[in-house]
Amino acid sequence: MNVLDELFAEAEWHADLAAAGPDGREPRLRLVVVTCMDTRVNPYEILRLKTGDAHVLRNAGGVTTPDVRRGLVVSQRELGTRHIIVMHHTRCEMAGITDTAFKDDIEADTRLRPDWALEAFTNVDQDVDRSIRRIQADRTIPYRDSICGCVYDVDTHEVRRPRWPADGDRAAAPPPSLFRG
Ligand SMILES: [Zn+2]
């Protein structure tokens with residue numbers, strides 16, 4: 001039995017999850033969180049979110065790829081969200097690899113070169129900023145004036161604002177109630 005079989009054998013787990021679901025489809029806090037798929041990052045726990053509070057869009061690095069921006073458009077246009085948090089984290093795997101070497105390895109193994117951008121980065125603060133700028137530049141996303149960037153420290157469990165952004169208060173502060181401590 002592999003891990004998928006084990007998970008789906010847990011019928012009680014599904015029942016509990018269904019019971020916890022909210023009545024409405026629209027996120028209560030009108031919030032979308034964009035973050036990394038890293039196992040150490042639990043956005044619900046970190047931001048004290050409950051089921052039904054927010055949409056959470058995740059990928060390798062928490063990068064605002066076209067598919068993440070597609071999710072933001074659907075979330076805002078169809079499900080009423082207005083606020084966005086872009087949360088990256090320290091010691092991210094995406095900060096330790098390079099696009100070219102990664103694709104070279106894949107090509108050597110499979111004779112296929114990926115058609116996607118890896119979107120690795122070297123500075124997490126800069127990448128939060130880059131991700132926010134991409135959202136702000138995408139006019140298909142209706143609401144781009146309430147965006148907050150932050151970095152979760154996987155060792156101290158603290159959430160901090162990026163140190164790098166140059167032009168001040170461009171990224172609005174998050175509601176204080178969202179943060180621990
Ligand atoms: Zn990561």
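Start by selecting Val32, Val33, Val34, Ile84, Ile85 and Val86: of the 30 residues in the largest nonpolar core, these touch the most other members. Bear in mind as you click around that this is a predicted model. Now colour the elements that give two or more residues to this core: strand 1 (31-36), strand 2 (54-59), helix 4, strand 3, helix 6 and strand 4. As background, nonpolar side chains in soluble globular proteins tend to be buried together.

Zoom in on Val32. What is Val32 in contact with, once neighbours within four places in sequence are left aside? Look for Ala54, His55, Leu57, Leu72, Ser75, Thr81 and Ile84.

Next, pull back to the whole protein chain. You'll find six helices and five strands, and from the N terminus on they run α-α-β-α-β-α-β-α-α-β-β. Of the chain's 181 residues, 29% count as buried.

Show just the strands. They make an open sheet of five, in the order 2-1-3-4-5, with mixed pairing. Strand 2 and strand 5 (159-160) each have a single partner strand, so one side of each has no neighbour in the sheet. Strand 1 and strand 2 run parallel, joined by six bridges. To see one pairing up close, pick Thr35, whose bridge partner in strand 2 is Arg58.

Bring the helices back, beginning with helix 4. Helix 4 lies across strand 1, strand 2 and strand 3, at about 170 degrees to strand 2. Helix 6 packs on the sheet too, touching strand 3 and strand 4, and its direction makes about 160 degrees with that of strand 4.

Stay on helix 6 and select residues 124-137. At 1.5 Å a residue, these 14 residues should span 20 Å, and the end C-alpha atoms are indeed 20 Å apart, so the two agree. Which residues of helix 6 are buried? Highlight Val124, Asp127, Val128, Asp129, Ser131, Ile132 and Ile135. Their cover includes helix 4 (66-79), strand 3 (83-89) and strand 4 (147-152).

Last stop: Gly61, in the loop between strand 2 and helix 4. Is Gly61 buried or exposed? It is buried, because 24 other C-beta atoms lie within 10 Å, and 20 or more is enough to count. Not counting residues up to four places away in sequence, Gly61 touches Cys36, Cys92, Met94, Glu119 and Phe121. Try a distance label from Gly61 to Glu119: they are 58 residues apart along the chain, with their C-alpha atoms separated by 7.9 Å.

Technical notes:
Residues are numbered from 1 along each chain as its sequence is written. This is a predicted model: local features need pLDDT of at least 70, side-chain atom pairs count only at pLDDT 80 or more; totals for chains, interfaces and linings use all residues. Helices (H or I, at least four residues) and strands (E, at least two) are DSSP runs, numbered from the N terminus. The expected span of a helix is 1.5 Å times one less than its number of residues. A residue is buried if 20 or more other C-beta atoms lie within 10 Å of its own, exposed if 12 or fewer, and partly exposed in between; C-beta atoms are placed from the backbone. Two residues are in contact if their C-beta atoms, placed from the backbone, lie within 7 Å. A nonpolar core is a set of buried Ala, Val, Leu, Ile, Met, Phe, Trp, Tyr and Cys residues joined through C-beta atoms within 7 Å. Two strands pair if DSSP finds at least two bridges between them. Axes are lines fitted to C-alpha atoms, for helices over the stretch in contact, and angles run from 0 to 180 degrees between N-to-C directions.
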